[in-house]
Amino acid sequence: MSNTPMAASPLTRAVLEIDEYVSGLGWDQPARLFALVDTAQLRAEQPSLADRLGLEGGQETSGLTPIEQDEIPTDKPLDEFLGRIAWPDAVVGCALSVERLMLPPSAEAQVPQGLDEAKLSKWVAEHPERQEVRMTVAVLRDGARESALRLREKDSPTEVLTGSDLVPGLAEALAATFEE
């Protein structure tokens, strides 16, 4: 199902698998939320679901399986939506894939002061150095984090940047969904 590197950690493989899946849907997609479950536990406890997900017994028995959740509502801010999530115990982590516009660090000094959120978004959208990026961020209950960034202008599996601290604010928001 996936072309992710086998040497990578299970969390990195899950993030890259989600990035690959969302990439296959094209750009200009809504944010997508995924539960991460232990693959071996899923096979043992819910074999029919594992079969529907294509997790045949001959495949890797360890790792994480991403399960896409219902569509994220577009009528409320993402942080507000994430603040209302509570995961069942079987979910060992979660991931979010979202597209955003970003500017290079050199453009930060050019940001006009005193802009509200709507005006700042418009300013960024019109900036000549803006870049579209897809961020896929995952966290586990134990605190582990991983991210994958894909620029629209370099939309290739070989151009995906990974790292644990690439999108710290989003990772914090996802980690908060596991707090009691």
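How much accessible surface does the protein chain have, and what percentage of it belongs to carbon and sulfur atoms? The total comes to about 10400 Å², and 51% of that belongs to carbon and sulfur atoms. Keep in mind throughout that this is a predicted model.

**Whole chain**

Start with the cartoon view. The protein chain has six helices and six strands. Trace them from the N terminus and the order reads α-β-α-α-β-α-β-α-β-β-β-α. Now show the C-alpha trace alone. Along its principal axes it spans about 55 × 35 × 25 Å. The radius of gyration is 17 Å, which agrees with the value near 16 Å for a compact globule of 180 residues.

Colour by burial next. Buried residues make up 38% of the 180 residues. Then look at contacts between residues at least 6 apart in sequence: 64% of them join residues at least 24 apart. Switch to charges. There are 16 positive and 32 negative ones, and their mean positions are 4 Å apart.

**Stop 1: Thr 12 in helix H1**

Select residues 10-24. This is helix H1, and Thr 12 sits in it. Is Thr 12 buried or exposed? Thr 12 is buried, because its relative accessible area is 12%, and the cut-off for buried is under 20%. Show its side chain and two partners. The side chain of Ser 9 makes a polar contact with that of Thr 12 at 3.0 Å. The side chain of Glu 146 makes another, at 2.9 Å.

**Stop 2: Ala 148 in strand S5**

From Glu 146, move along to Ala 148. Strand S5 covers residues 145-151 and holds Ala 148. The relative accessible area of Ala 148 is 0%, so this residue counts as buried. What surrounds it? Leave out neighbours within four places in sequence, then display the residues in contact with Ala 148. Val 15, Leu 16 and Asp 19 are among them. So are Arg 134, Met 135 and Thr 136. Val 160, Leu 161 and Thr 162 complete the list. Now measure to Ala 138, ten residues away along the chain: the two C-alpha atoms are separated by 9.0 Å.

**Stop 3: Arg 150, also in S5**

Stay on strand S5 and select Arg 150. Its relative accessible area is 3%, which makes Arg 150 a buried residue. Which side chains does Arg 150 meet in polar contacts? One is Ser 23, at 3.2 Å. Another is Asp 155, at 2.8 Å. Widen the selection to residues that Arg 150 touches, not counting those up to four places away in sequence. Among them are Asp 19, Trp 27, Glu 132, Val 133 and Arg 134. Ser 156, Pro 157 and Val 160 also belong to this set. Asp 19 was on the contact list of Ala 148, and Arg 150 touches Asp 19 too.

**Stop 4: Glu 99 in strand S3**

Select residues 91-102, strand S3, and pick out Glu 99. With a relative accessible area of 16%, Glu 99 is buried. Which backbone nitrogens does the side chain of Glu 99 reach? The backbone nitrogen of Asp 28 lies 2.9 Å from a polar atom of the side chain. The backbone nitrogen of Gln 29 is reached at 3.2 Å. Outside the residues up to four places away, Glu 99 touches Gly 26, Trp 27, Asp 28, Gln 29, Val 133 and Arg 134. Add Pro 30: it is 69 residues from Glu 99 in sequence, yet the C-alpha atoms are 7.6 Å apart.

**Stop 5: Arg 32 in strand S1**

Keep Gln 29 on screen and go to Arg 32, in strand S1 (residues 32-38). Arg 32 is buried, at 15% relative accessible area. Its side chain makes a polar contact with the side chain of Gln 29 at 2.8 Å. The side chain of Glu 68 is a polar partner of Arg 32 too, at 2.8 Å. Beyond four places in sequence, Arg 32 touches residues including Val 22, Leu 25, Ile 72, Ala 95, Leu 96 and Ser 97. Val 22 is ten residues from Arg 32 in sequence, and their C-alpha atoms lie 8.4 Å apart.

**Last stop: helix H5**

Select residues 117-126. This is helix H5, and it is hardly covered: one of its ten residues is buried. Finish at its N-terminal end, which Asp 116 caps. A side-chain oxygen of Asp 116 lies 2.7 Å from the backbone nitrogen of Lys 119.

Methods
Residues numbered from 1 in each chain as written. Predicted model: local features only at pLDDT ≥ 70, side-chain atom pairs only at ≥ 80, totals over all residues. Heavy atoms only, no water. Buried < 20%, exposed > 50% of the residue type's maximum accessible area, 1.4 Å probe, protein only. Helix = DSSP H or I, 4+ residues; strand = E, 2+ residues; numbered from the N terminus. Polar contact = N/O pair within 3.5 Å; in protein donor to acceptor, adjacent residues only side chain to side chain. Rg over C-alpha atoms; globule rule 2.2 N^0.38 Å. Contact = heavy atoms within 4.5 Å. Areas by Shrake-Rupley, 256 points an atom, 1.4 Å probe, with all protein chains shown as cover. Lys, Arg positive; Asp, Glu negative; His and termini not counted. Charge placed at Lys NZ, Arg CZ, Asp CG, Glu CD.
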